[in-house]
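Me: I've got a model open here and want to talk it through. Can you help me find my way around?

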Amino acid sequence: MKTPSPEYWDALIAELTGSQPVALRDLFATRITTFTGIELPPPESSAIALLDRFAADGFLEKQLRINEDGIEETIYVRDLAPARVVDWLIAIHGMNTTGAWQESFTWKFSTTWGRSVPIAIYKYGIIIAGVVMAWRCGKLRENLREKLAVLRDEAQKHGFNGKPDLIAHSFGTWLFGHLLERELTRENPLKFGRVILTGCILRPDFDWQKFLDAGLVDDVLNHYGTADAVVPLAHTFIHGSGPSGRRGFDGDGAINVRAEGFGHSDLFSMENLERSYTNYWRPFLTLPREELRTLPDIADPATPWRAMRLPVFPLLILLLAAH
């Protein structure tokens, strides 16, 4: 059964007055499967008309059933795939921070599932100067690989046999992306579930599709801020990097979600973390694959990316000032 797109909801809410379209959108987001009309604000007549419209548009199926009082009634149902289960998760921070956002994210993540979901936090300290040296970046990548292999083995010993999901920020996205490049040729490669990238500094032409095809990752969400002052400059002094965290990835391998006016770390700020997690990250981790494109604010680049070369020194100043 079809799922309404964000554009469909926007057009519907703009067309119809009252609170019923917004209420129905919110109920759809919670994955309710059966409607009778009483779930929506009054009047009931317009609620039924709205449900009839959704049935005509292929988003609901109109059926008859006998209720608990033995009376025949009309219901509107949708057949949804089961929600995806998160087994465990890894968080990787950026290069000029100790990763304070990970504690806030971990608390939010661990208190909203109703069950224990282990979270492994990977920290590597502050390495600002080292990122301009390819050998240092390579060493940091291999350190990450060693730690992730240990975490995989430990998780399996404790009964967590699923692939870990992963969230990475800034230079952590570079480490993860370039780690995957080497996993393609390993006999026992690391494999991951769904991947969330924020403040991403990988090249916009990074080919996520080959990692999807190889089974190294299941799905990728690139949540990018349009006011990020760091990522557009990264490719001038970090090998193999680029501004995907400002404008999205080219191609179909990643889902690009736009955060209008957000800076490099704003998605994790105290005032924005709740919205980032509730509206985007948790749905991305749990929705069936066929529903991932219903996430709000999906915005892919209009044109292919072309690399630019800029002076390095001012960029290092900006990086040092970034939070």
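Reply: Sure. One term before we start: two strands pair if DSSP finds at least two bridges between them. Keep in mind that this is a predicted model.

Me: OK, so which residue stands opposite Ala91 in E5?
Reply: Ile121 does. Strand E4 (residues 89-92) and strand E5 (residues 119-122) pair in the parallel sense, over four bridges.

Me: And what stands opposite Ile90 in E6?
Reply: That's Leu166. E4 pairs with strand E6 (residues 165-169) too, again in the parallel sense and over four bridges.

Me: Which way do the E4 residues point?
Reply: Leu89 and Ala91 point one way, Ile90 and Ile92 the other, and all of them are buried.

Me: Switching topic: where does His223 sit?
Reply: In strand E8, which covers residues 219-225.

Me: Buried or exposed, that His223?
Reply: His223 has a relative accessible area of 1%, and the cut-off for buried is under 20%, so His223 counts as buried.

Me: What does the His223 side chain make a polar contact with?
Reply: With the side chain of Trp281, at 3.0 Å. Leaving out residues up to four places away in sequence, His223 also touches Leu197, Val257 and Tyr280, among others.

Me: Zooming out, how many helices and strands does the protein have?
Reply: 10 helices and nine strands. Of its 323 residues, 49% count as buried.

Me: What about the accessible surface?
Reply: About 15,400 Å², with 55% of that belonging to carbon and sulfur atoms.

Technical notes
Residues numbered from 1 in each chain as written. Predicted model: local features only at pLDDT ≥ 70, side-chain atom pairs only at ≥ 80, totals over all residues. Heavy atoms only, no water. Helix = DSSP H or I, 4+ residues; strand = E, 2+ residues; numbered from the N terminus. Buried < 20%, exposed > 50% of the residue type's maximum accessible area, 1.4 Å probe, protein only. Polar contact = N/O pair within 3.5 Å; in protein donor to acceptor, adjacent residues only side chain to side chain. Contact = heavy atoms within 4.5 Å. Areas by Shrake-Rupley, 256 points an atom, 1.4 Å probe, with all protein chains shown as cover.
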